[in-house]
Amino acid sequence: MQVPLLDLKDQYRSLKAEIMQEISAICDSQHFILGDKVEKLEEEIARYCGTEFACGVTSGSDALIISLMVENIGPGDEVITTPFTFFATVGAISRVGATPVFADIDPDTFNINPGEIEAKITPKTKAIIPVHLFGQCCAMDAINALAARHRLVVIEDACQAIGAEFDGRRAGSMGNYGCFSFFPSKNLGCFGDGGMVTTNDKKRIELLRMFRNHGQGSTYIHHHIGGNFRLDALQAAVLSIKLRELDKWSNAREANAAEYRALFAESKAAGQIQLPAVAKYPVRHIYNQFCILVKNGRRDELCSQLRQAGVGCTVYYPLPLHLQECFRSLGYKAGDMPVSEQVSGEILALPIFPESTFEQRQYVVKTIEKILGG
Ligand SMILES: *Cc1c(COP(=O)(O)O)cnc(C)c1O
């Protein structure tokens with residue numbers, strides 16, 4: 001049996017006719033940049049996330065960069081975040097010239113540990129970027145309380161977490177900014193690159209819209225040095241159609257996770273792996289990834305044998321960012337972020353995409369049992 005880590009073709013087939021019609025209409029209009037398709041999507045995403053406003057941008061990476069730019073965060077400023085995330089979170093901080101400062105993660109949720117943040121705050125700290133990793137929200141009440149006490153901006157990296165909830169509030173609605181990615185492998189993916197910034201602040205949305213278009217106020221009158229961070233009409237149209245299916249897909253991911261839990265509970269390999277923990281605080285986990293920890297130093301062996309058996313799996317992320325060569329000048333060394341380092345050596349993502357079947361999950365769990373033994 002073949003079980004890909006992700007297969008988007010079924011999803012596409014079910015919406016192909018409608019999407020092609022939209023794409024064709026946009027090509028007929030020859031209006032490709034921003035415009036009414038983007039504005040419509042912005043309204044839909046804001047409503048979906050429970051925010052006042054949303055601003056379509058070129059990617060999740062640019063959503064982070066533009067938020068930092070609007071806050072005028074740059075050289076001499078520090079931004080606290082997790083070392084256990086996709087590169088772009090930390091890349092964005094460096095790209096605006098600010099200094100990333102790492103706080104280690106919680107061993108159960110893999111999200112930044114609020115208890116580790118306060119000791120990292122200095123007079124130079126300007127912002128915190130909590131990352132809702134794999135589709136589960138950070139402990140946002142604790143993070144927001146810290147930010148309020150120290151007057152810090154909160155930029156949620158919600159790139160993996162559209163529709164995830166913390167205590168009834170949606171990812172991207174709890175900080176000053178919510179950053180989303182529509183990279184194809186995210187829960188809501190477009191046909192290329194795309195992103196969105198959400199906010200409840202009228203001043204900030206005006207600045208976001210200006211900054212994404214070279215800081216332009218009226219035509220060719222520039223108030224700030226922004227950039228080209230504009231979302232395409234084609235991507236927006238595809239996303240508007242797919243957004244209507246998002247809750248169905250996220251619910252399917254949740255149901256798939258529950259099936260995995262039931263199957264692993266009866267597996268002889270149960271003692272050798274740790275299933276993804278659902279946080280103690282009230283959350284809706286949308287399972288962009290279903291990541292297990294593999295004990296006894298057997299992660300790489302399990303990964304390669306699973307692949308040989310036709311099961312797609314991969315490691316998010318094998319080297320925490322404080323140990324990456326490109327961040328050597330930050331001065332971190334092995335041992336500085338012990339939880340992130342341990343988790344990156346044990347973690348393995350299994351197929352969880354909405355259209356995957358019970359038989360496929362049965363095969364994944366059986367194959368893991370065969371490889372790891374009792
Ligand atoms: C995907 C992702 C990004 C970057 O999004 P792109 O659209 O690929 O630029 C940033 N942060 C996290 C946590 C992500 O998963």
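Me: Where does the ligand sit?
Reply: The ligand sits in the largest pocket. A pocket here is an open set of points on a 1 Å grid over the protein atoms alone, with protein on both sides within 12 Å along at least five of seven lines; sitting in it means that more than half of the ligand's atoms lie within 2 Å of its grid points. This is a predicted model, where local features need pLDDT of at least 70, side-chain atom pairs count only at pLDDT 80 or more, and totals for chains, interfaces and linings use all residues. Residues are numbered from 1 along each chain as its sequence is written, and side-chain values use heavy atoms, with hydrogens and water left out.

Me: How many residues surround the ligand, and which are the closest?
Reply: 13 residues surround the ligand, counting those with a heavy atom within 4 Å of it. The closest are Ser61, Asp157, Gln160, Ser181 and Lys186.

Me: Which atom of the ligand does Asp157 face?
Reply: A nitrogen atom, 2.8 Å from a polar side-chain atom of Asp157.

Me: And Gln160? What is the distance there?
Reply: A polar side-chain atom of Gln160 is 2.7 Å from a ligand oxygen atom.

Me: Different topic: helix H8. Buried or exposed?
Reply: 10 of the 11 residues of H8 (residues 233-243) are buried, so the helix is largely enclosed by the rest of the structure. Buried means under 20% relative accessible area with a 1.4 Å probe, protein chains only. A helix is a DSSP run of H or I, at least four residues, numbered from the N terminus.

Me: What do the buried residues of H8 pack against?
Reply: Helix H1 (9-29), helix H2 (36-49) and helix H9 (246-265), with contact meaning heavy atoms within 4.5 Å.

Note on methods:
Buried < 20%, exposed > 50% of the residue type's maximum accessible area, 1.4 Å probe, protein only. Helix = DSSP H or I, 4+ residues; strand = E, 2+ residues; numbered from the N terminus. Polar contact = N/O pair within 3.5 Å; in protein donor to acceptor, adjacent residues only side chain to side chain. 1 Å grid on protein atoms, 1.4 Å probe; cavity = no way out; pocket = protein on both sides within 12 Å on 5 of 7 lines; lining within 4 Å.
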